[in-house]
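Student: I should like to understand how the descriptive terms for this model are justified. Could we take them one at a time?

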Amino acid sequence: MTEKIEHIGIAVADLDRATELYTRLLGIPPYKTERVESEGVEVAFFRVGQSKIELLAPLHEASPIAKFLAKRGEGIHHVAFGVSDIRAELQRLKAEGFELLNENPKPGADRKWVAFVHPKSAGGVLVELCQDREKDDDHGG
Ligand code: ZN
């Protein structure tokens, strides 16, 4: 069961420029910026109440975000739902016929376990599931 919209991911070409824009838009600076080398992205997070905005900029041309920007331009990239048991939720979605991009959760930005659902099976929206990652223990990540 999904518990909340954890964040909305937005693809941007230039993280500094987009961070400046969103700081003015939201009236607050990002609480964190982070490089996720495994995904080829640099991210900035803003709090919006219980949810967040995640800006994603590519670190290199092979990054999935670079490919997204080339094809679609800047804009909403994914919606992330917060769950308390990501493995159980992945099993549930698989049983419901959703195409999973990740069969197993992987370490994501902002101390989360994450997994993605293919947009083809989710009405054209790239869906991310995420669960808080308190310590690197039982998921082998
Ligand atoms: Zn995300």
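Tutor: We begin with residue classes: Ala, Val, Leu, Ile, Met, Phe, Trp, Tyr, Cys and Pro count as nonpolar, Asp, Glu, Lys and Arg as charged, and the others, Gly among them, as polar. By these classes the lining of the largest pocket has 17 nonpolar, six polar and ten charged residues. The model is predicted, so local features need pLDDT of at least 70 and side-chain atom pairs pLDDT 80 or more, while totals for chains, interfaces and linings use all residues. Residues are numbered from 1 along each chain as its sequence is written, and side-chain values use heavy atoms, with hydrogens and water left out.

Student: What makes a residue part of the lining of the largest pocket?

Tutor: A lining residue has an atom within 4 Å of a pocket point; on a 1 Å grid over the protein atoms alone, a pocket is an open set of points with protein on both sides within 12 Å along at least five of seven lines. The lining numbers 33 residues, and Pro64, His77, His78, Phe116 and Leu126 lie nearest the pocket centre. Helix H2 (64–72) is one of the contributing elements, and H2 gives the most, with six residues.

Student: Why is the arrangement of the four donor atoms around the zinc ion called irregular?

Tutor: Donors are N, O and S atoms within 2.8 Å of the metal (3.2 Å for Na, K and Ca). His7 (NE2), Glu54 (OE), His78 (NE2) and Glu128 (OE) lie 2.0 to 2.2 Å from the zinc ion. Four donors are tetrahedral if all angles lie between 85 and 135 degrees, and square planar if opposite donors are over 155 degrees apart and all others between 65 and 115; anything else is irregular. The angles here run from 83 to 171°, and the arrangement is therefore irregular.

Student: Why is the pair of Tyr22 and Phe46 called tilted?

Tutor: Rings of Phe, Tyr and Trp (its six-membered ring) pair if their centres lie within 6.5 Å; planes under 30 degrees apart are stacked, over 60 edge-to-face, and the rest tilted. Tyr22 and Phe46 stand 6.2 Å centre to centre with 45° between the planes, hence a tilted pair. Tyr31 and Phe45, at 6.0 Å and 35°, are also tilted.

Student: How do you know whether Tyr31 is buried, partly exposed or exposed?

Tutor: Buried means under 20% relative accessible area, exposed over 50%, and partly exposed in between (1.4 Å probe, protein chains only). Tyr31 has 29%, so Tyr31 is partly exposed. Phe45, at 2%, counts as buried.

Terms used
Tetrahedral: all angles 85-135°; square planar, octahedral: opposite > 155°, others 65-115°. 1 Å grid on protein atoms, 1.4 Å probe; cavity = no way out; pocket = protein on both sides within 12 Å on 5 of 7 lines; lining within 4 Å. Helix = DSSP H or I, 4+ residues; strand = E, 2+ residues; numbered from the N terminus.
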